[in-house]
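Hi there,

Here is the structure I said I would pass on to you. Please open it alongside this message, and then read on for the findings.

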Amino acid sequence: MTADRLLWWLMRLDACVVLCAAPCALLPFEWMSTVHRDWLGLGELPDAVITRYMARSLSLLYALHGAVVFTITIRWREYRSMVPVLAYLHTALGAGLFLADLNAGVPWWWVASEGPGLVAFGLVKLFLYRRASRTVTAES
């Protein structure tokens with residue numbers, strides 16, 4: 001598999017994963033509370049207007065991001081040049097989330113996986129993009 005094809009698959013995987021957030025915006029709040037309390041072990045989810053708003057708007061924002069990334073994979077030749085922009089943004093987002101997670105006091109496994117995972121994923125995308133670009137340039 002070429003670096004460009006692997007990059008395309010990673011982008012498509014990224015899009016599909018974050019698109020899964022779309023239906024979460026429609027979940028009953030009680031289900032969100034159960035996940036927060038029982039599955040994640042984070043205690044009671046505050047039943048406040050801002051909590052309900054943030055949970056749903058964040059899910060929709062993730063879905064929007066997934067739709068943009070999916071569109072890039074559909075029109076790969078036209079939009080492939082957006083990959084480094086998204087990769088740098090993912091890397092910065094991962095660093096920001098790492099700091100936010102530390103500040104928020106989420107469990108260690110959350111801190112260790114979310115931010116560093118996004119940073120690593122962004123760097124892998126940058127590596128593959130550069131490798132694929134060199135191959136395309138050499139073939140031209």
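Below is what came out of the analysis, starting with the core and moving on to the pocket, a proline and the salt bridges.

One thing to keep in mind first: this is a predicted model, and the values below are all computed from it.

**The core**

The largest nonpolar core holds 14 residues. Within this core, the residues that touch the most other members are L7, M11, V69, W76, V83, L86 and L128. Four helices give two or more residues each: α1 (3-19), α3 (49-74), α5 (83-104) and α6 (108-139). The largest share comes from α1, which puts in six residues.

L7 is a good place to start looking around. Setting aside residues up to four places away in sequence, L7 touches W76, V83, K125, L128 and Y129. Please remember K125 from that list, since this lysine turns up again below in a salt bridge.

**The largest pocket**

What might interest you next is the largest pocket, which contains about 1600 Å³ of space. Its lining is made up of 35 residues, and those closest to the centre of the pocket are L58, S59, Y62, W110 and E114. If you want to centre a view on the pocket, those are the names to select.

Which helices supply at least two residues each to the lining? They are α1, α2 (29-39), α3, α5 and α6. Of these, α3 gives the most, with nine residues. As for chemistry, the lining divides into 26 nonpolar, six polar and three charged residues.

**A proline in α5**

P84 sits in helix α5. Is P84 buried or exposed? Its relative accessible area is 16%, and the cut-off for buried is under 20%, so P84 counts as buried. Apart from neighbours within four places in sequence, P84 is in contact with L126 and Y129. Y129 is also among the residues that L7 touches. By contrast, M54 lies 30 residues from P84 in sequence, and the two C-alpha atoms are 28 Å apart in space.

**Salt bridges**

The count of salt bridges comes to six. Let me go through three of them.

The side chains of D14 and K125 meet in a salt bridge, at 2.8 Å from N to O. This pair links distant parts of the chain, with D14 in helix α1 and K125 in helix α6, 111 residues apart. Both partners are out of the way of solvent by the accessibility values: D14 counts as buried at 9%, and K125 is buried with a relative accessible area of 0%.

The other two pairs have partners that are partly exposed. D38 forms a salt bridge with R37, and their closest N and O atoms are 3.0 Å apart. Here D38 has a relative accessible area of 48%, while R37 has 31%, so each falls in the partly exposed range between 20% and 50%. E78 pairs with R75, with 2.7 Å between the closest N and O atoms. E78 is partly exposed at 48% relative accessibility, and R75 is partly exposed at 38%. Finally, salt bridges that share partners join R37, D38 and E44 into one network.

That is everything from my side for now. Happy browsing, and do write back with any questions.

Best wishes

Notes: Residues are numbered from 1 along each chain as its sequence is written. This is a predicted model: local features need pLDDT of at least 70, side-chain atom pairs count only at pLDDT 80 or more; totals for chains, interfaces and linings use all residues. Side-chain values use heavy atoms; hydrogens and water are left out. A nonpolar core is a set of buried Ala, Val, Leu, Ile, Met, Phe, Trp, Tyr and Cys residues joined through side-chain atoms within 4.5 Å. Buried means under 20% relative accessible area, exposed over 50%, partly exposed in between (1.4 Å probe, protein chains only). Contact means heavy atoms within 4.5 Å. On a 1 Å grid over the protein atoms alone, a cavity is a set of points where a 1.4 Å probe fits but cannot get out, and a pocket is an open set with protein on both sides within 12 Å along at least five of seven lines; lining residues have an atom within 4 Å of a point. Grid points are joined across faces, edges and corners, and a volume is the space filled by probe spheres set on the points. Ala, Val, Leu, Ile, Met, Phe, Trp, Tyr, Cys and Pro count as nonpolar, Asp, Glu, Lys and Arg as charged, and the others, Gly among them, as polar. A salt bridge is a side-chain nitrogen of Lys or Arg within 4 Å of a carboxyl oxygen of Asp or Glu.
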